[in-house]
Amino acid sequence: MLGSRATSPELIELGERIRKRRQEMNLSQEALAEKAGISINTVSRVEGGQTAMSIEIFRKMIEILETDANGLLGKNVTGSEEKSQIYELICRIQNLSRKDQKIVFQTVDSLIDGICKYR
């Protein structure tokens with residue numbers, strides 16, 4: 001773990017960003033906990049900035065919340081909004097069946113070819 005019962009401004013801000021993103025996605029703490037494989041109590045403590053999480057759990061949060069590490073850490077990187085949108089799409093595509101992924105890839109390829117053709 002990154003720290004067990006440490007409270008710091010950074011942990012509080014991280015927890016607030018996790019809570020905000022969870023709410024934007026209309027996920028309950030219970031649903032987030034289940035997807036991350038942790039207890040509801042742990043989600044509550046993380047969101048409250050009362051405890052740090054392991055790197056493994058942080059990575060799961062990124063995937064579940066369909067965001068990137070910089071977004072959760074509050075880092076403003078040029079073009080981060082676009083990167084975040086792309087990452088969110090990638091996460092959504094990864095959650096599809098292989099058959100549906102193939103359809104998405106073929107559709108995107110066709111769209112890109114069409115855009116490039118008419119430039």
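Select Thr67 to start: Thr67 is buried, with a relative accessible area of 8%. (Buried means under 20% relative accessible area, exposed over 50%, and partly exposed in between, with a 1.4 Å probe and protein chains only.) The model is a predicted one, in which local features need pLDDT of at least 70 and side-chain atom pairs count only at pLDDT 80 or more, while totals for chains, interfaces and linings use all residues. Residues are numbered from 1 along each chain as its sequence is written, and side-chain values use heavy atoms, leaving out hydrogens and water.

**Thr67 and Glu66**

Thr67 sits in the loop between H4 and helix H5 (69-73). Helices (H or I, at least four residues) and strands (E, at least two) are DSSP runs, numbered from the N terminus. Show the neighbours of Thr67, not counting residues up to four places away in sequence: Arg21, Ile62, Leu72, Ser84 and Tyr87 touch Thr67. Contact here means heavy atoms within 4.5 Å.

Then pick Glu66, which belongs to the loop between H4 and H5. Its phi is near 50°, a positive value in a residue other than glycine. Is Glu66 buried or exposed? At 14% relative accessibility, Glu66 counts as buried.

**The whole chain**

Zoom out and colour by secondary structure. The protein chain has 7 helices and 0 strands, and along the sequence its pattern reads α-α-α-α-α-α-α. Of the 119 residues in the protein chain, 28% are buried. The accessible surface comes to about 8,300 Å², and carbon and sulfur atoms hold 51% of that surface. Accessible areas come from the Shrake-Rupley method with a 1.4 Å probe; for residues, only the protein chains shown count as cover. Taking contacts between residues at least 6 apart in sequence, 61% join residues at least 24 apart.

**Asn26, ahead of H2**

Select Asn26, in the loop between H1 and H2. Asn26 also has a positive phi in a residue other than glycine, near 55°. With 71% relative accessibility, Asn26 counts as exposed.

**Helix H2**

Move on to H2 and show its side chains. Leu32, Ala33 and Ala36 are buried in H2. These residues cover an arc of only 100° around the axis, which puts them on the same side of H2. The arc is that of the directions from the helix axis to the C-beta atoms. An α-helix has 3.6 residues a turn, so residues three or four places apart point the same way.

Rotate to the other side of H2, where Glu30, Glu34 and Lys35 are exposed. Which helices are included in what covers the buried residues of H2? H1, H3 and H4 are included. Gly37 follows H2 and has a positive phi, near 75°.

**Helix H3**

Select residues 40-47, which form helix H3 and include the buried residues Val43, Val46 and Glu47. They cover an arc of only 95° around the axis, which puts them on the same side of H3. To see what these buried residues pack against, add helix H1 (9-24) and helix H2 (29-36).

**Where H2 meets H3**

Keep H2 and H3 and hide the rest. The two helices pack at an angle of about 110°, with axes 8 Å apart. Axes are lines fitted to C-alpha atoms, for helices over the stretch in contact, and angles run from 0 to 180 degrees between N-to-C directions. H2 and H3 are therefore roughly perpendicular to each other. (Angles under 35 degrees count as roughly parallel, over 145 as roughly antiparallel, 65 to 115 as roughly perpendicular and the rest as oblique.)

From H2, select Gln29, Glu30, Leu32 and Ala33; they meet Ile40, Val43, Ser44 and Glu47 of H3. By class, this contact of H2 with H3 has 4 nonpolar, 2 polar and 2 charged residues. Nonpolar covers Ala, Val, Leu, Ile, Met, Phe, Trp, Tyr, Cys and Pro, charged covers Asp, Glu, Lys and Arg, and the others, Gly among them, are polar.

**After H3**

Just after H3, select Gly49, which takes a positive phi of about 70°. The last stop is Gln50, in the loop between H3 and helix H4 (55-64). Gln50 is partly exposed, with a relative accessible area of 36%. Draw a distance from its C-alpha atom to that of Gly15: the two residues are 35 residues apart along the chain, and the atoms are separated by 8.6 Å.
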